[in-house]
Amino acid sequence: MLDEFYTLFHEIENSLSLINFFLPYIPIPANRRRDAARIKLKEILSETVRSRKRYNQVEEDALQNLIDSKYKDGRSISEDEVTGLMIGLIFAGEHTNSLSSAWTGSYLLNDAKCLMTAIEEQKKIIKKFGRRIDYHVLLEMYTLDRCIKEALRLHPTAPMLLRKVHKHFTVWTKEGHEYEIPAGHTIVSPTVLNHYIPYIYKDPEVYDPERFGPGREEDKVGGKFSYTSFSGGRHACPGEAYGYMQMKVIWSYLLRNYELKLLSPFPKEEWRKFALKPQGKVMVSYKIRQLA
């Protein structure tokens with residue numbers, strides 16, 4: 001099922017453009033393919049759900065957790081809700097992390113100093129823990145963590161965040177301007193601009209993972225919403241910690257086992273897409289090696 005599932009899922013990804021953010025049902029070919037793919041994905045997942053119920057089969061996975069979930073009033077989640085949530089979970093975890101991993105690698109391979117620092121960290125960790133990679137080992141990859149975080153600052157997966165105002169409030173800018181925010185309005189917070197504010201981030205155009213290191217921690221200068229690649233507040237992404245872990249697994253493995261070189265020019269952003277993916281193909285050469 002993997003090849004078919006991925007192909008269908010890719011059709012949904014291809015429809016994630018800025019025009020669809022504002023006009024999600026515009027009748028263009030990409031949206032027709034998206035809708036057809038979603039119907040087929042729903043059929044595949046629905047058949048799996050029905051099969052488990054038919055044969056009283058219980059698995060230890062996320063799909064089973066959704067099948068067994070209930071609302072506060074005791075009502076079970078419907079089949080449509082299970083399949084919809086499952087597609088949403090896969091999309092949120094796969095699409096964003098693949099893009100962020102690509103940006104992280106592009107920056108590391110484009111900056112010899114950052115790359116060497118990340119490799120040296122892996123050598124120290126191997127010396128301390130051996131070649132195993134587990135949760136506790138990943139927690140000690142501070143340099144790699146900052147490299148990922150800086151790539152996300154420059155290229156957040158969501159270029160803007162939206163919130164509906166439930167209660168009227170007032171804000172004051174750094175310059176002393178006062179703004180009344182009425183209830184019922186929608187606030188748009190442009191992540192792609194916020195992360196380049198110069199009084200928060202020194203030389204904001206420069207890839208500098210150490211800006212998050214001890215003694216600097218520039219993301220905390222302007223308060224808890226200075227860094228919002230995973231959103232913020234009560235609706236912050238619940239998968240943030242998992243996302244960092246996943247990307248550290250990918251890049252710690254690659255740095256340990258391959259000598260990598262960026263062959264293509266450093267990629268530009270694909271602004272036609274809502275998630276700011278690298279434009280074109282990122283070409284990398286690799287040679288097997290093993291850090292000691």
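Begin by selecting Ala 36, which sits in helix H3, the helix that spans residues 29–54. In this predicted model, Ala 36 is partly exposed, with a relative accessible area of 46%. Now add Asp 219 to the selection and draw a distance between the two C-alpha atoms: Ala 36 and Asp 219 are 42 Å apart in space, and 183 residues separate them in sequence.

With that distance still drawn, zoom out to the whole chain, whose C-alpha atoms fill a box of roughly 55 × 55 × 40 Å along the principal axes. A cartoon representation will show 10 helices and six strands. Of the 292 residues in the chain, 38% are buried. If you compute a contact map, restrict it to contacts with a separation of 6 or more, and you will find that 63% of them join residues 24 or more positions apart.

Switch next to a surface representation. The accessible surface of the chain comes to about 17,900 Å², and carbon and sulfur atoms account for 58% of that area. Colouring by charge brings up 43 positive and 37 negative side chains, and the centres of these two sets lie 1 Å apart.

Return to the cartoon and select helix H5, which covers residues 79–110. A first stop in helix H5 is Gly 88, which counts as partly exposed at 36% relative accessibility. From Gly 88, a C-alpha to C-alpha line to Pro 204 covers 33 Å, for two residues that are 116 positions apart in sequence.

Move along helix H5 to Thr 104, which is buried, with a relative accessible area of 1%. Leaving aside residues up to four places away in sequence, show what Thr 104 touches: Cys 147, Ile 148, Ala 151 and Trp 251.

Keep Cys 147 from that list on display and add Cys 114. Are these two cysteines buried or exposed? Cys 114 is buried, with a relative accessible area of 12%, and Cys 147 is buried as well, at 2%. How many disulfides does the structure hold? The structure holds zero, and for Cys 114 the reason can be read from a distance label, because the closest cysteine sulfur, in Cys 147, is 5.5 Å away and therefore too far for a bond, given that a disulfide requires cysteine sulfur atoms within 2.5 Å. Taken from the other end, Cys 147 is likewise in no disulfide, its nearest cysteine sulfur being that of Cys 114.

For the last stop, hide the cysteines and display the aromatic side chains, among which the structure holds nine aromatic pairs. One of them is formed by Trp 103 and Tyr 107, a tilted pair with 6.5 Å from centre to centre and 35 degrees between the planes. Why are these two residues about one helical turn apart? Trp 103 and Tyr 107 are four residues apart in helix H5, so about one helical turn separates them. Trp 103 is buried, with a relative accessible area of 1%, and Tyr 107 also counts as buried, at 12% relative accessibility.

Finally, extend the selection from this pair to Tyr 207 and Phe 266, which together with Trp 103 and Tyr 107 form one aromatic cluster.

Conventions
Residues numbered from 1 in each chain as written. Predicted model: local features only at pLDDT ≥ 70, side-chain atom pairs only at ≥ 80, totals over all residues. Heavy atoms only, no water. Buried < 20%, exposed > 50% of the residue type's maximum accessible area, 1.4 Å probe, protein only. Contact = heavy atoms within 4.5 Å. Areas by Shrake-Rupley, 256 points an atom, 1.4 Å probe, with all protein chains shown as cover. Lys, Arg positive; Asp, Glu negative; His and termini not counted. Charge placed at Lys NZ, Arg CZ, Asp CG, Glu CD. Phe/Tyr/Trp six-rings, centres within 6.5 Å; stacked < 30°, edge-to-face > 60°.
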